[in-house]
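Subject: A structure for you to explore

Hi,

Here is the structure I promised to pass on to you. Have a look around it first, then read my notes below.

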Amino acid sequence: MQEQILFGTYTKKTSQGIYQGTLDTTSKTLTNDGLLASASNPTYLALSAKQRLYSVDKEDDEGGVAAWQLDGQTAHKLNTVVAPGTPPAYVAVDEARQLVYSANYHKGTAEVMKIAADGALTLTDTVQHSGSGPRPEQDGSHIHYTDLTPDNRLAVIDLGSDKVYVYNVSDAGTLTEQSVLTMPAGFGPRHLVFSPDGQYAFLAGELSSQVATLSYDAKTGAFTQFGIVKTIPADYTAHNGAAAIRMSHDGHFLYVSNRGYNTLAVFAVAADGSLSLIQQISTEGDFPRDFDLDPTEAFVVVVNQNTDNATLYARDLTSGKLSLLQKDVSVPEGVCVLFK
C-alpha cells in the first residue's frame, strides 16, 4: 500500500514550500516526490475531510493562513487570510462547525476562521493573550497550539505564560473563555494530545523538556495537572526543546520529539495516565520538529529541520517501540508531517 504524506517547511534556505512524499508499506520505504505547492514558510498544515489543505502562510510583511484545494498531485490556492506581522505556528480544522483555528506564537493571539462552501476562509474572531514566565523565551504571551478537545471546545496553549486555556466555540466562530490551567513556572507548554477516551491529556513542555499528564473534565471544561516526567536524561545539560507529541490509537503509547537531544522519546501509558519511559531512539538528524504515525500505526516518519532530512521507523504494535528503517530522505527545512 502507498500512503501519501505532506511536508510543511520553512523556506529560509532552499525549500520552496509544501512537499509531498510516499510511504510504501510493502517495501517499507519513504520517498520525497517533490514540490506540491510553492509557498512561503508553510510551517504547519491541516487537512479537511474534503481534501482542502490549510497551511501557515507568509506574504511579504504579513502572515496568516492559506486555503488550498488538492487535486491529485497538484494544489490550487483558494485564498489567504493574512494580517501585518508574523505568521502563526499551528493550524487546525473543526469539521463539525467548519472552522479553522490558528495559533500565533509571536503575537500571542488565537484566530478563528470560517470555511466557506468553496473552502475559502474568512476571519471570525481573534483572542489576544497576555502574560509572561521566568525563562528568557517567556517574555510575553506565545500561543503555540489551538485545537479541539474531545467535547469540541478549543484548547489554547500559551508557552509564554505557562497557561492552558479552554474556550467555548459558537457555530459562528466566536470564542468565550471557559477555564484556565496554570502550569509550573517555566514549564513552557507547547502541544497537547488526548487519550482515546478523552479522560486524560498529555502536554509537552518545550522549555522544561517534560511531559505533564492532565485530567480533563468535560462537564466543567477544565484541566487538572497531576504528573510530570522528563523527556531527556537527567544528566543531559545541553539545549533541548520538546516539540511534537503523538499518541497511539489504543492509548497505550506516547511519543515526543526532542530538539537538541535529537531523539524520539517513547512512553508507556498506564491505565491511570501515568507515564514510564521505555525508549529513546535517535532521529538520525538535527532538530526533529515534527513526526507522525501513519494510518496503520506500523510506521513513524520524523523530519529534522536543521539537517534537511526525514527518517522512517517501523513501529511494533505490541511493545510500542521503534526501529530504524531508513534515514537521509531529503526534505528541506522540514517542520510538519501530515499523512493524507
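Before the surface figures, one term: accessible areas here come from the Shrake-Rupley method with a 1.4 Å probe. Please also keep in mind that this is a predicted model.

With that term in hand, the protein exposes about 12,800 Å², and carbon and sulfur atoms supply 49% of that area. As for what lies inside, buried residues make up 59% of the 340 residues.

Now for the overall build. How many helices and strands does the protein have? There are zero helices and 28 strands. The radius of gyration is 19 Å, close to the 20 Å that the globule rule gives for 340 residues, so the protein is as compact as a globular protein of that length. If you line the protein up along its principal axes, the C-alpha atoms fill a box of roughly 45 × 45 × 35 Å. I also looked at contacts between residues at least 6 apart in sequence: 46% of them join residues at least 24 apart.

The charges are worth a glance too. The protein has 23 positive and 38 negative side chains, yet the centres of the two sets lie 1 Å apart.

Next, a few residues you can click on.

Start with Ser248, in the loop between β20 (241-247) and β21 (253-259). Is Ser248 buried or exposed? Its relative accessible area is 1%, and buried means under 20%, so Ser248 counts as buried. The side chain of Ser248 makes a polar contact with the side chain of Asp250, at 2.6 Å. Leaving aside residues up to four places away in sequence, Ser248 touches Pro196, Phe253, Leu293, Glu297 and Arg315.

Thr146 sits in a strand, namely β12 (residues 143-148). Thr146 is buried as well, with 0% relative accessibility. A polar atom of the Thr146 side chain lies 3.5 Å from the backbone nitrogen of Ala103. Ala103 is also one of the residues that Thr146 touches when those up to four places away in sequence are not counted; others on that list include Tyr90, Tyr101, Leu154 and Val156.

Two further loop residues caught my eye for their backbone angles. Asp162 lies between β13 (154-158) and β14 (163-169), and its phi is near 60°, a positive value in a residue other than glycine. Asn262, found in the loop between β21 and β22 (263-269), also has phi near 60°. Both are buried: Asp162 has a relative accessibility of 3%, and Asn262 has a relative accessible area of 14%.

Last comes Ala83, in strand β7 (residues 74-84). Why is Ala83 called partly exposed? Its relative accessible area is 30%, and partly exposed means between the 20% and 50% cut-offs, so that is the class Ala83 falls into. Apart from residues up to four places away in sequence, Ala83 touches Asp61, Glu62, Gly63 and Lys107. For a sense of distance, try drawing a line from Ala83 to Leu277: their C-alpha atoms are separated by 42 Å, and the two residues are 194 residues apart along the chain.

Enjoy exploring, and write back with any questions!

Best wishes

Notes: Residues are numbered from 1 along each chain as its sequence is written. This is a predicted model: local features need pLDDT of at least 70, side-chain atom pairs count only at pLDDT 80 or more; totals for chains, interfaces and linings use all residues. Side-chain values use heavy atoms; hydrogens and water are left out. Helices (H or I, at least four residues) and strands (E, at least two) are DSSP runs, numbered from the N terminus. The radius of gyration is taken over C-alpha atoms; the globule rule is 2.2 Å times the number of residues to the power 0.38. Buried means under 20% relative accessible area, exposed over 50%, partly exposed in between (1.4 Å probe, protein chains only). Contact means heavy atoms within 4.5 Å. Lys and Arg count as positive and Asp and Glu as negative; His and the chain ends are not counted. The place of a charge is taken as NZ of Lys, CZ of Arg, CG of Asp or CD of Glu. A polar contact is a pair of N or O atoms within 3.5 Å; within protein, one must be able to donate a hydrogen and the other to accept it, and residues adjacent in sequence count only if both atoms are side-chain atoms.
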